[in-house]
Amino acid sequence: MKIVVIGGTGLIGSKLVNNLRERGHDVLAAAPSTGINSITREGLAAAMDGTDVVVDVANAPSWEDQAVLDFFETSSRNLLAAEAAAGVRHHVALSIVGSERLPDSGYFRAKVAQENLIKASGIPYTILRATQFFEFVDGIVQSFAVGEEFRVSPALIQPVASDDVVAALANVVLAAPVNGTVEVAGPEAIPLDELARRFLRVTQNNRKVEPDVNARYFGAALDDQSLTAGKNARLGAIRFEDWLARSTTQTGR
Ligand SMILES: NC(=O)c1ccc[n+]([C@@H]2O[C@H](COP(=O)([O-])OP(=O)(O)OC[C@H]3O[C@@H](n4cnc5c(N)ncnc54)[C@H](OP(=O)(O)O)[C@@H]3O)[C@@H](O)[C@H]2O)c1
């Protein structure tokens, strides 16, 4: 099968490209640095030629409210038009669990806009919604810094290893389109303030974590349903503790 991975040089994209190539597929890693740009349309029509499946795992360079909305809308419109012209049979996109539940965040509004364009396009599709990647936990914790301490929401979060996301994504890519949404999440839901303590302990940061029910997640108020998956989600096997121990050993942190 010929598969184009938009964002094929990123965290998820590069792992997905390797996974699909190991299974014998003809995979094009598409990104501005490889001459394929979903915003300017550079290289897009040629990339789509003979393509069976397009996987969109691109990410916006700026997360400012209007910039991120413009990115996901323009990129999705350009991709879907190029796919329609080339007769692509399956559009797969990676989105985020709970996006519609967090409308106060510009990033989540942009992901909902991306999903809506896909659903209206007429191209057979599957949207895989993942929870927050373990690799993103550092950034999440830092976003709660207030002075010398962290004031963190105690709402539940169910983060997932990027390797588990890639495994679920590869299965979706190689299956028939479901014209719907599938979820993937980590094996355990943990209060965010507890996740922050575990992360800081292992990374030897002794700044204090205070639970704060009013602390916002990238602008959005949270409850226990905001960042956790539904009951039919596919669950990854990798536990946060094991991933953290392995990655801190590797980076020598
Ligand atoms: N972070 C999370 O916890 C989380 C959770 C669920 C879902 N997601 C979703 O997962 C997706 C992938 O995230 P990631 O962390 O793997 O992203 P990433 O590492 O930041 O990679 C982004 C990729 O997008 C490419 N890109 C940027 N602008 C582009 C353009 N104009 N045309 C084509 N490609 C472009 C980049 O190419 P260059 O390297 O050339 O710039 C790079 O390959 C995102 O859509 C995100 O919303 C994230």
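This passage describes the largest pocket of a predicted model and the ligand placed in that pocket.

The largest pocket has a volume of about 710 Å³. Its lining comprises 38 residues, and those nearest the pocket centre are A58, N59, W63, Y107 and F133. Three elements give two or more residues to this lining, namely α1 (11-22), β4 (90-96) and α4 (106-120). Of these, α4 accounts for the largest share, with four residues. By residue class, the lining of the largest pocket consists of 23 nonpolar, 12 polar and three charged residues.

The ligand takes up the space of the largest pocket. A shell of 27 residues surrounds the ligand, and the closest of them are T9, L11, A58, Y107 and F133. A58, Y107 and F133 are thus listed both among the residues nearest the pocket centre and among those closest to the ligand. The elements that each supply at least two residues of the shell are α1, β4 and α4, which are also the elements named for the pocket lining. The largest share of the shell comes from β4, with three residues, whereas the largest share of the lining comes from α4. The shell around the ligand divides into 16 nonpolar residues, 10 polar residues and one charged residue.

Polar atoms of the ligand lie at short range from N37 and from the backbone of two residues. An oxygen atom of the ligand is placed 2.8 Å from a polar backbone atom of L11. An oxygen atom of the ligand is also found 2.9 Å from a polar backbone atom of A58. On the side-chain side, a nitrogen atom of the ligand is 2.9 Å from an N or O atom of N37. The ligand taken alone exposes 940 Å², of which the protein buries 82%.

Notes. Residues numbered from 1 in each chain as written. Predicted model: local features only at pLDDT ≥ 70, side-chain atom pairs only at ≥ 80, totals over all residues. Heavy atoms only, no water. 1 Å grid on protein atoms, 1.4 Å probe; cavity = no way out; pocket = protein on both sides within 12 Å on 5 of 7 lines; lining within 4 Å. Points joined across faces, edges and corners; volume = space filled by probe spheres on them. Nonpolar A, V, L, I, M, F, W, Y, C, P; charged D, E, K, R; others polar. Near = heavy atom within 4 Å. Polar contact = N/O pair within 3.5 Å; in protein donor to acceptor, adjacent residues only side chain to side chain. Areas by Shrake-Rupley, 256 points an atom, 1.4 Å probe, with all protein chains shown as cover. Sits in = over half its atoms within 2 Å of the grid points.
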